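The following questions and answers go through one protein chain and its ligand. Please look at the sequence and the structure first.

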Amino acid sequence: MGLYSTVMDQITFYTGLSPTEFFTILTIMVFVYRTVSAMFVSPKDYNKPPLVSLKTNLRFDDPKPTPEPVQLGEITEPELRPYNGSDPSKPILMAIKGNIYDVSSARNFYGPGSPYTMFTGKECSRALALLSFKPGDINGNLEDLDESDLAVLEDWEYKFMEKYPKVGQLVPEKRTQQNKHKEQIQDNLNLDEGKEE
Ligand code: HEM
């Protein structure tokens, strides 16, 4: 008890404050110090990566890791269409110069609602060459493009070759059975006309 009252007397003697005032001010100073120092990074920790707890990791990372790319071989443009991110069980694919790339690892660019989702499930060489988002340019028609457009396309192609796995190749649409039949009839008519002449 003697020690306690001596300490209290000393506080009043040295600071001119009552013990209550002294401890209130001390508490406020500690609080302010801790709040302000929490806003800064210690110089020795400056270059370290931010500490992310396992819990935060699980929250921010995509909970489902990108599945292994599946090779599709040769497919047609209509067959490529469903791979546009609308079905989460399918990979997201896009084609450049007939080569199909699996871009599922970049859902932030190509997933539904993302800035480049319009290219998915499609051959988009023309759009990339012309840096165009017009729906009419999202196709593989390179006929009227000049050298600089083709150089731009080549840069895109290198980027995709480096970054994404190639999973297939676009092939022209298969002739439907009905079309084949019509073509056969036309061929026969042409042959008959040839005989009559
Ligand atoms: C307003 C102009 C544009 C800006 C500011 C812009 C910005 C960006 C940025 C910051 C990225 C991310 C780059 C990276 O981290 O790798 C990106 C990616 C991309 N941009 Fe653009 N962009 C623009 C126009 C275009 C146009 C016109 C096209 C094509 C028609 C395009 C197609 C793409 C594609 C396909 C990617 C994703 C590439 C990948 O998969 O890594 N962008 N863009």
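Q: What percentage of the 197 residues of the protein chain count as buried?
A: A residue is buried if 20 or more other C-beta atoms lie within 10 Å of its own, exposed if 12 or fewer, and partly exposed in between, with C-beta atoms placed from the backbone. Of the 197 residues of the protein chain, the share that counts as buried is 17%.

Q: What average pLDDT does the protein chain have?
A: This is a predicted model, in which local features need pLDDT of at least 70, side-chain atom pairs count only at pLDDT 80 or more, and totals for chains, interfaces and linings use all residues. Residues are numbered from 1 along each chain as its sequence is written. The predictor's confidence in each residue, from 0 to 100, is its pLDDT. At least 70 is reached by 81% of the residues, and the protein chain averages 85.

Q: Over which residues is the pLDDT below 50?
A: Beyond near neighbours in sequence, the stretch has 2 contacts in the model, a contact being two residues with C-beta atoms, placed from the backbone, within 7 Å. The pLDDT is below 50 over residues 52–58.

Q: Which strand gives the most to the largest nonpolar core?
A: A nonpolar core is a set of buried Ala, Val, Leu, Ile, Met, Phe, Trp, Tyr and Cys residues joined through C-beta atoms within 7 Å. The largest one has 21 residues, and C124 is among those that touch the most other members. Helices (H or I, at least four residues) and strands (E, at least two) are DSSP runs, numbered from the N terminus; helix 6 (125–130) and strand 4 (166–170) are among the elements that each supply at least two residues of this core. With 4 residues, the element that gives the most is strand 2.

Q: Why does helix 2 lie largely in the open?
A: Helix 2 covers residues 19–37, and its end C-alpha atoms are 27 Å apart. Helix 2 has 19 residues and lies largely in the open because the number of them that are buried is 0.

Q: Is D155 buried or exposed?
A: D155 is found in helix 7 (residues 147–163). D155 is 27 residues from L128 in sequence and 9.6 Å from it in space, C-alpha to C-alpha. With 11 C-beta neighbours inside 10 Å, D155 counts as exposed.

Q: How many nonpolar residues does the shell around the ligand have?
A: The residues around the ligand include V103, F109, Y116, L128 and K163, each with its C-beta atom, placed from the backbone, within 6 Å of it. Ala, Val, Leu, Ile, Met, Phe, Trp, Tyr, Cys and Pro count as nonpolar, Asp, Glu, Lys and Arg as charged, and the others, Gly among them, as polar. Beside 1 polar and 1 charged residue, the number of nonpolar residues in the shell is 8.

Technical notes. The expected span of a helix is 1.5 Å times one less than its number of residues.
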